[in-house]
Amino acid sequence: MEVLVVNIQGLSTNPGDLPNLHNILKQAHDSLHAESIRLLPLLDMLDPSLHSLGYLYILEACTSSALSKEQASAVVLPTARFMNSCSKEQIQLAPEKFISVCKRFKDYVMQLEAPMRGVAPMLAAIRKIQSSSEHLTPLHPEFLVLCLLSKCYKAGLSILDEDIFEVDQPKDLLLYCYYGGMICIGEKRFRKALELLHNVVTAPMSVITAIAVEAYKKYILVSLIHNGQFSTSLPKYTSSVAQRNLKNICQPYIELANSYTTGKIADFETVAQKYQEKFDNDNNLGLVKQAISSMYKRNIQRLTQTYLTLSLQDIANSVQLNSAKEAEMHVLQMIQDGEIFATINQKDGMVSFLEDPEQYKSCGMIERIDSSIQRIMALSRKLTTMNENISCDPMYLAKVGRERQRFDFDDYDPVPQRFNI
């Protein structure tokens with residue numbers, strides 16, 4: 001092993017020697033795995049930033065067998081240091097090993113009940129193996145799990161705000177969208193959560209998956225919270241197996257959504273109480289409670305469409321709140337969140353509903369609209385390029401050719417038609 005360490009130290013500095021070093025490490029694979037955790041002291045002889053490839057092979061061998069809690073604790077620190085400082089060029093020679101080490105690292109910090117220790121190193125590892133910010137790696141779901149368990153939701157948002165166009169494995173995308181949806185729920189970004197959960201529910205599938213079922217449950221509840229309604233009709237591009245089975249599997253949630261549309265708090269709470277154990281076991285009871293709270297808000301918003309002024313006690317009576325004070329707290333929170341525009345007269349307890357003050361002509365609003373337009377145009381260009389690439393892909397053309405009937409040349413116009421645009 002000392003000879004191997006010397007080779008790693010001598011062949012890591014010159015990029016031209018890396019292929020030779022890689023071959024040596026491949027040949028030493030079995031002997032490294034035979035030593036396993038006993039190789040840990042060798043890592044002290046190497047610099048993770050200079051000897052990244054050799055460090056990776058030894059670290060992967062150290063973690064190849066099951067580790068006790070004490071051994072996991074000893075491995076976590078050098079692994080985190082390696083993930084943060086390793087050479088991107090060297091670890092990309094063995095990306096599978098790097099991904100394997102990072103996934104085991106996630107398991108170790110969870111074993112130690114310290115998921116927060118893994119957040120920063122895992123994000124650094126993602127940046128090391130990404131070909132671009134549009135590339136979804138197998139480490140994205142692992143990172144989001146750590147963010148969820150450690151409640152570091154803002155760290156998770158740092159990658160959820162990036163547009164994804166390149167995916168290695170479909171399962172990684174489903175997990176990314178599911179965990180990402182949960183993080184957005186934690187941050188009250190319900191619009192983005194709906195988008196991510198929608199991607200899971202409508203993804204192509206030949207059999208119903210547990211991920212799709214759990215995503216659909218949360219999708220129903222978040223739709224109620226954000227939109228105040230839920231439609232059981234799924235888009236046409238949703239797989240037939242999902243359209244046939246999801247509603248039946250998630251019947252308690254469908255019943256809850258139906259009771260929401262009545263606008264009656266008592267009906268909704270009755271269904272929530274009926275299936276409370278089910279919602280609790282699914283870890284969705286918190287969302288159900290938020291849906292109840294949103295129901296009060298929807299009912300208050302309906303009052304703004306009918307009345308210009310209303311007393312707090314009348315609001316409490318109309319939306320089935322216990323007291324005027326409770327109504328005041330709801331109205332104040334909605335004003336703060338920009339959900340309604342109103343003023344409260346503390347003397348007589350009257351609420352005056354106002355029009356939206358935004359005129360959509362301020363410099364800030366114009367910049368925001370322009371930014372959205374530019375982003376949509378860039379997205380359109382990207383999709384056009386992707387469509388052209390897929391249309392020319394030999395595998396795609398072969399598949400399409402097998403699955404549809406051939407057409408005669410007579411079916412086509414000899415001269416392309418001109419269209420006025």
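Which side chain meets that of Lys97 in a salt bridge? Here is a look at that pair and some other spots in this predicted model.

**Figure 1. Lys97 and Glu60 meet in a salt bridge.** It's the side chain of Glu60 that pairs up with Lys97, with N and O 3.3 Å apart. The two partners come from distant parts of the chain: Lys97 belongs to helix H7 (residues 95-111), while Glu60 belongs to helix H4 (residues 52-62). Counting along the sequence, 37 residues separate them. Are Lys97 and Glu60 buried or exposed? Both are buried. If you'd like to hunt for others, the structure holds 17 salt bridges.

**Figure 2. Glu142 and Lys106 link helix H9 to helix H7.** This salt bridge has an N to O distance of 3.1 Å. Glu142 sits in H9 (residues 139-150) and Lys106 in H7, so to get from one to the other along the chain you'd cover 36 residues. With a relative accessibility of 14%, Glu142 counts as buried because the cut-off is under 20%. Lys106, at 13%, counts as buried too.

**Figure 3. Glu214 and Lys217 form a salt bridge within helix H13.** The closest N and O atoms of this pair are 3.2 Å apart. Why are Glu214 and Lys217 separated by about one helical turn? Because they are three residues apart in H13. What about their surroundings? Glu214 is partly exposed, with a relative accessible area of 24%, whereas Lys217 counts as buried at 4%. The pair also has company: Lys278 and Asp282 are linked with Glu214 and Lys217 in a network of salt bridges.

**Figure 4. Ser87 sits in a loop between two helices.** Look for Ser87 between helix H5 (69-85) and helix H6 (88-91). Its relative accessible area is 14%, so Ser87 is buried. The side chain of Ser87 makes a polar contact of 3.3 Å with the side chain of Glu89. Leaving aside residues up to four places away in sequence, Ser87 touches Pro48, Ser49 and Ser52.

**Figure 5. The largest pocket holds about 850 Å³ of space.** Its lining is made up of 26 residues, and Asp163, Ile164, Lys192, Glu195 and Asn199 are the closest to the centre. Strand S2 (166-167), helix H11 (170-186), helix H12 (190-201) and helix H21 (363-391) each give two or more residues to this lining. Which element gives the most? That's H12, with six residues. Sort the lining of the largest pocket by type and you get 15 nonpolar, two polar and nine charged residues.

**Figure 6. The second largest pocket has a volume of about 430 Å³.** Around this pocket are 15 lining residues, with Phe190, Ile225, His226, Lys297 and Glu339 nearest the centre. The elements giving two or more residues to the lining are H12, helix H13 (210-227) and helix H18 (285-304). You may recognise H13 as the helix that carries Glu214 and Lys217. Here H18 gives the most, with six residues. How many residues of each type line the second largest pocket? Two are nonpolar, seven are polar and six are charged.

How values were computed
Residues are numbered from 1 along each chain as its sequence is written. This is a predicted model: local features need pLDDT of at least 70, side-chain atom pairs count only at pLDDT 80 or more; totals for chains, interfaces and linings use all residues. Side-chain values use heavy atoms; hydrogens and water are left out. On a 1 Å grid over the protein atoms alone, a cavity is a set of points where a 1.4 Å probe fits but cannot get out, and a pocket is an open set with protein on both sides within 12 Å along at least five of seven lines; lining residues have an atom within 4 Å of a point. Grid points are joined across faces, edges and corners, and a volume is the space filled by probe spheres set on the points. Helices (H or I, at least four residues) and strands (E, at least two) are DSSP runs, numbered from the N terminus. Ala, Val, Leu, Ile, Met, Phe, Trp, Tyr, Cys and Pro count as nonpolar, Asp, Glu, Lys and Arg as charged, and the others, Gly among them, as polar. Buried means under 20% relative accessible area, exposed over 50%, partly exposed in between (1.4 Å probe, protein chains only). A polar contact is a pair of N or O atoms within 3.5 Å; within protein, one must be able to donate a hydrogen and the other to accept it, and residues adjacent in sequence count only if both atoms are side-chain atoms. Contact means heavy atoms within 4.5 Å. A salt bridge is a side-chain nitrogen of Lys or Arg within 4 Å of a carboxyl oxygen of Asp or Glu.
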